[in-house]
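Please look over the sequence and the model shown here before reading on. The report after them takes up a few local features in turn.

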Amino acid sequence: MGRCVGFPGFATRSLGTSGTCVVAGLSDPLLPRAVHCPLAAVASRDLCIDQAVVFIEDAMQYRSISHRMDAGSMRLYRCYYSNACQRILNFTIFSILALAFIETPCSLTKTADVRYRSLHWEPPCGLTEGIEGLCLLVFMTDVSVKCFLVGRAQFQRNVWLLAYIAVLAVSVVDWTVSLCLLCQERLRIRRLLRPFFLLQNSSMMKKTLKCIRWSLPEMASVGLLLVVHLCLFTIFGTLLFTVGEEDEHEKKERLTYFQSLLDAFTSLLVLLTTANNPDVMIPAYSENRAYAIFFIVFTLIGSLFLMNLLTAIIYNQFRGYLMKSLQTSLFRRRLGTRAAYEVLCSLTGVGVMPQDFLQVLEKAQLSSSQKQAIMEKVRSLDGVLLSADEFQKIFSEVDRGVVREHPPRPCYRSPLLQSAQFLFGHRYFDYLGNCITLANLVSICVFLVLDEDVAPSDRDNFVLGVLNCVFIMYYLLELLLKVFALGPRGYLSYPENLFDGLVTLALLVLEILMLAVYGFPYRGWKPEMRGLLSLWDMMRLVNILIVFRFLRIIPNMKLMAVVASTILGLVQNLRAFGGILVVVYYVFAILGINLFQGAIVAPGNDSLAHDNGSAPCGSFEQLEYWANNFDDFAAALITLWNVMVVNNWQVFLEAYERYAGRWSLVYFVLWWLVSSVIWVNLFLALLLENFLYRWDPRSHEQHLSGMQLTAELIFRDILEEPKEEELMHRLRNHPHVRLCR
């Protein structure tokens, strides 16, 4: 059955079964007005190859194929998605976000403590604005290219592009106002909008944000239950601890935690996170045991049931919506590969020639492992035409990951060298090295215990220095023997060997420097400090590296390796979650600076010793939390982190309520909801999915074989393959490429 590929604006018709097709140019100036060609060459061969290249690149990167496909647009498209252009764009996004650290108020001070902090450096007007102007120019170029490539119709339906233009317009206007006012304005709206540039540049972050938005109704239902729970116990607690005010303990409870409805609500909200337990209960419980029932029931219902129910709902809902998002990614990959097949099939009319496929792969910008795996499968076909199913199957197998093979070991002719190679390349040799490392770690711990009451300047480091020197010599010998057994390339192909080798070389360099500066160890070895580091500091660095080297045992313990691989997999797959967290932190930090800058004031000079000894125990002043403020961007980030952890966060609530007003509670409670409740539970959902998949005994072999585990692979066995009818329907409705049969 004949096929052809055309462009919008061209009338395309098939001439019976003669194998010819006419493409009449109606509106596109890029191609001739009329082209008569065989069916196998509706478009030129080079154009077909380039189209297939772009489609495959889109498929492997999970990109949409709904963009212009003429020759000039494809050159611009591939240039835009080239590594150089994307690095420039990523650097621009990083630069505009990093401006917050040097803009007024500048974060370039040694400490954030308001008692000891030096004056903020004021950047000259035009410095940060000039950098920001260049970034905005890059973003304007970026959005212009995107709008051109997707076409007018797609642009008008793309909410993210419309929002991109709106954010740029507001940013440019606000930037112009800053220059007109000589950088003296206090409120800069564009600083709150900067994280949008990070959001719009990541398709996975957009999907994650959509998943969160879809999950909000279910989260809101449990959130409403929490609010009702809090309100009921707030009223009940206020009434309970108002009765019998003549009792000293009840009066203390009331005045401390239940003085008003707002105080009671705040105290119980903090108790929901267990941050003020048992402090909030002690005054009443000290008077009457029965009062403990109130707090226990509140904690059981709120913390153990409702909060965990919220976690379960978020896990269930997010997993479902994440599945939908990953299903969309799978559909994009299948659609891109099927589009590439249809384009290449137009060259023959009956299938895809392997040599055409190889030519496409040579030009495609794919990872070396993916390209090598696909090309090996194609070369094994011996010139047989590929059908649609065979073409798709090649990419389906690549979806499951590529296992990296280690280089072959060197071949030695001597039987003695062969025996040595077998011995030093065996896993038992690794076990011996682990035992030596454990002995080194135990020796360090023994000397730390023996010298814990001795000042560093009075310690005799002779024995430990000799032991470390001996152990480091063994580590170096072990490295050389492994290189001998595996070969240089084989040694470096194992991540654990690369880690082990780097730490060993660092230990060797540090030991040589220590011997060169302080000489060989001897009894009473306590020389004076020379150079930048004292002998004790150098010994500490050596011991820290030795402890760090002990992590080499992880790959040799399967269960520990699964846990470690889960953590590494999260680092790879949590970029979207991390990006969302960066956006939230950035927005709340800028908002906090605008609301609370200068709210925390340093105490008087007469109380610098302990910052007002009359301050209540456990208060902001008594705990010396002066560095937790919003006077600059870096300090704001640390303050938000400390609140997110919720340990002692009631101290922040109470302090900012006194310094800035009761409305500050809204800011901190909102931050707690977004960070500790929503984001942490979403993180837990992905952690559980990642861990449960890796913990499956059937999957251990894949994980430990070097296969990279992505979010798509985690759910690969659950996702449904797109149907043939769906793929062809989308291809026939492509706004810039038309297929005819």
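What follows is a short report on one helix pair, several backbone features and one buried residue in a predicted model.

## The packing of α1 and α2

Helix α1, which covers residues 45-60, packs with helix α2, which covers residues 71-80, at an angle of about 35°, and the axes of the two helices are 11 Å apart. The crossing in which α1 passes α2 is left-handed.

On the side of α1, the residues that take part in the contact are L47, D50, Q51, V53, V54, E57 and D58, and on the side of α2 they meet A71, M74, Y77 and R78. Sorted by character, the residues of this contact comprise 6 nonpolar, 1 polar and 4 charged.

## Two cis peptide bonds

The peptide bond that joins T104 and P105 is cis, with an omega of about 0°. P105 belongs to the loop that runs between α3 (83-98) and α4 (127-157).

Another cis peptide bond leads from N277 to P278, and here omega is near 5°. The place of P278 is in the loop between α10 (261-272) and α11 (282-287).

## Positive phi angles outside glycine

Y62 is a residue other than glycine, yet its phi has a positive value, near 60°. Y62 sits in the loop between α1 and α2, the two helices whose packing was described above.

C183, which is likewise not a glycine, has a positive phi of about 60°, and C183 is placed in the loop between α5 (159-180) and α6 (189-193). Is C183 buried or exposed? With a relative accessible area of 15%, C183 counts as buried, because the cut-off for that term is under 20% relative accessible area.

## The surroundings of D500

D500 is part of helix α20, which spans residues 495-518. The relative accessible area of D500 is 4%, and D500 is therefore buried, given that buried means under 20%.

Which residues is D500 in contact with, once its neighbours within four places in sequence are left aside? The contacts of D500 are then with E478, K482, Y491, R549 and R552, so that a reader who wishes to find the surroundings of this buried residue in the model can begin from those five names.

Technical notes: Residues numbered from 1 in each chain as written. Predicted model: local features only at pLDDT ≥ 70, side-chain atom pairs only at ≥ 80, totals over all residues. Heavy atoms only, no water. Axes fitted to C-alpha atoms, helices over the stretch in contact; angles between N-to-C directions. Helix = DSSP H or I, 4+ residues; strand = E, 2+ residues; numbered from the N terminus. Left-handed = near helix turned anticlockwise from the far one by under 90°. Contact = heavy atoms within 4.5 Å. Nonpolar A, V, L, I, M, F, W, Y, C, P; charged D, E, K, R; others polar. Buried < 20%, exposed > 50% of the residue type's maximum accessible area, 1.4 Å probe, protein only.
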